[in-house]
Amino acid sequence: MVDLKAEFPLQDEVLYLNHAAVAPWPRRTRDAVVAFADQNIRVGARDYPAWLEVEARLRQRLARLIQVAPGEVALLKNTSEGLSVIAQGLDWQPGDRVLISDQEFPSNRIPWQALADRGVEVVEVDVSGEGAEQRVIDAIDEGTRLVSLSSVQYGSGIRLDLAPIGRACRERGVLFCVDAIQSLGAVAFDAGACFADFVVADGHKWMLGPEGLALFYCRPAVRDQLTLRQFGWHMIAAAGDYTRKDWQVAADATRFECGSPNMLATHALDASLSLFEDLGMDRVEAALADRVAHLHQGLAARGAELLSPADPARRAGIVTFRLPGEAPTDTRARLHAGGVVCAERGGGVRLSPHFYTDYSVMDRALALL
Ligand SMILES: Cc1ncc(COP(=O)(O)O)c(C=O)c1O
């Protein structure tokens with residue numbers, strides 16, 4: 001039995017509805033970080049082999065979260081780095097096109113736009129309203145080399161049905177890349193079922209980890225298509241053999257990890273993900289869906305204009321709204337003054353509870369409106 005009250009001892013005056021930005025940690029993550037710090041001051045890195053076991057366990061947990069093999073997962077710094085590894089690694093030809101949505105967070109736009117000097121064109125597809133998936137599929141043409149989408153758009157919270165898009169990409173020989181940062185830890189995810197070639201997500205949102213450690217998945221069949229741009233002792237096949245002068249790139253995804261791992265964040269994210277495994281993603285997803293529905297109802301009852309989809313299948317954990325007659329900046333400021341941690345995004349105020357959020361927290365936030 002997980003004691004959620006003990007795991008999330010947020011102060012009473014803090015109404016935390018900002019998991020789509022940077023999430024609070026569970027207590028077990030704090031405990032893991034404190035234990036790691038204690039170990040460092042007492043015995044330093046004497047027990048490094050045990051740290052490597054934590055790293056291996058984290059890789060396994062991340063692999064289970066997206067339903068791939070552990071050797072297919074690399075641990076990188078953040079989503080932007082992962083997307084840049086892909087953008088800088090592919091062998092682009094002038095005239096190649098990258099499709100993204102018209103609502104992407106800059107992390108999933110700038111790495112592609114930065115390829116303009118190689119003749120790569122970025123095309124934005126409207127994903128609002130009905131038929132978003134078909135519009136993306138219809139936009140794929142001869143020149144399209146890669147489709148890169150956030151599974152859930154950071155502003156509106158629109159959740160895309162990735163499988164038909166991924167299937168269409170695979171059939172046409174187009175690469176499919178998913179920024180899953182607004183999904184992982186919020187909703188179940190299966191990289192194979194959505195035909196993803198790449199999945200990237202930092203751990204500091206719905207996975208309840210620290211900033212600066214991200215999952216990077218690359219489908220083995222396309223791994224060799226990525227030319228490596230970062231090199232070091234860690235990304236080679238014989239990584240522990242420091243005296244050997246010849247080297248080969250590691251066969252598995254560790255080839256994308258050039259040097260020393262972020263062991264501090266590794267301990268933290270491993271602890272955070274253990275919570276999801278204790279609970280099960282089905283339970284997490286259902287609990288979050290109930291909370292999102294509660295916010296939708298409460299906001300509608302207060303006359304708010306909901307900018308997030310009404311269809312539960314189209315949402316994950318984001319609820320964005322605005323109040324008639326009040327600028328979102330002012331609404332957010334009012335909420336903030338009342339203790340609500342939330343964000344102004346997507347033309348409105350974005351609320352993002354998580355599976356453990358108490359209903360009283362949401363009701364107190366709604367009452368401020
Ligand atoms: C869709 C999306 N991608 C990426 C990021 C963050 O990227 P990074 O992990 O590089 O900081 C965010 C953060 O808000 C996001 O909403």
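This report covers helix packing, salt bridges and a surface patch in a predicted model.

## Helices α3 and α9

Helix α3 spans residues 48–66. Its axis lies 9 Å from that of α9, and the two pack at an angle of about 45°. That angle makes α3 oblique to α9. The crossing is left-handed.

Many side chains take part in the contact. On the α3 side, the residues include Tyr-48, Trp-51, Leu-52, Val-54 and Leu-58. Charged residues of α3 also meet α9, among them Glu-55, Arg-57, Arg-61 and Arg-64. The α9 side includes Met-263, Thr-266, His-267, Leu-269, Asp-270 and Leu-273. Ser-274 and Glu-277 of α9 belong to the contact too.

## Helices α6 and α7

Helix α6 covers residues 132–139, and helix α7 covers residues 162–172. Their axes come within 9 Å and cross at roughly 15°. Angles under 35 degrees count as roughly parallel, so α6 and α7 are roughly parallel to each other. The crossing of α6 past α7 is right-handed.

Glu-133, Val-136 and Ile-137 make the contact from α6. They meet Pro-164, Ile-165, Ala-168 and Arg-172 of α7.

## Helices α10 and α12

Helix α10 runs over residues 281–301, and helix α12 over residues 359–367. The axes are 10 Å apart, at an angle of about 20°. α10 and α12 are therefore roughly parallel to each other. Their crossing is right-handed.

From α10, the contact residues are Asp-290, Arg-291, His-294, Leu-295, Gly-298 and Leu-299. From α12, they are Tyr-359, Met-362, Asp-363 and Leu-366.

## Salt bridges

Side chains of opposite charge can pair when their charged atoms come close. The model has 24 salt bridges. One pair is Asp-141 with Arg-97, at 2.1 Å from N to O. Asp-141 sits in the loop between α6 and β5 (144–150), while Arg-97 is in strand β3 (residues 97–101), so this salt bridge ties together parts that are 44 residues apart in sequence.

## A nonpolar surface patch

Phe-231, Trp-247 and Val-249 form a nonpolar patch on the surface. Together they have about 310 Å² of accessible area. Phe-231 is found in the loop between α8 (220–223) and α9 (263–279). Helix α9, at the end of that loop, is the partner of α3 in the oblique packing.

Definitions and conventions. Residues are numbered from 1 along each chain as its sequence is written. This is a predicted model: local features need pLDDT of at least 70, side-chain atom pairs count only at pLDDT 80 or more; totals for chains, interfaces and linings use all residues. Side-chain values use heavy atoms; hydrogens and water are left out. Patches are made of residues with over 30% relative accessible area and no salt bridge: like charges are joined within 9 Å, nonpolar side chains (Val, Leu, Ile, Met, Phe, Trp, Tyr) within 5 Å. Accessible areas come from the Shrake-Rupley method with a 1.4 Å probe; for residues, only the protein chains shown count as cover. A salt bridge is a side-chain nitrogen of Lys or Arg within 4 Å of a carboxyl oxygen of Asp or Glu. Helices (H or I, at least four residues) and strands (E, at least two) are DSSP runs, numbered from the N terminus. Axes are lines fitted to C-alpha atoms, for helices over the stretch in contact, and angles run from 0 to 180 degrees between N-to-C directions. Angles under 35 degrees count as roughly parallel, over 145 as roughly antiparallel, 65 to 115 as roughly perpendicular and the rest as oblique. A crossing is left-handed if the near helix is turned anticlockwise from the far one by less than a right angle, and right-handed if clockwise. Contact means heavy atoms within 4.5 Å.
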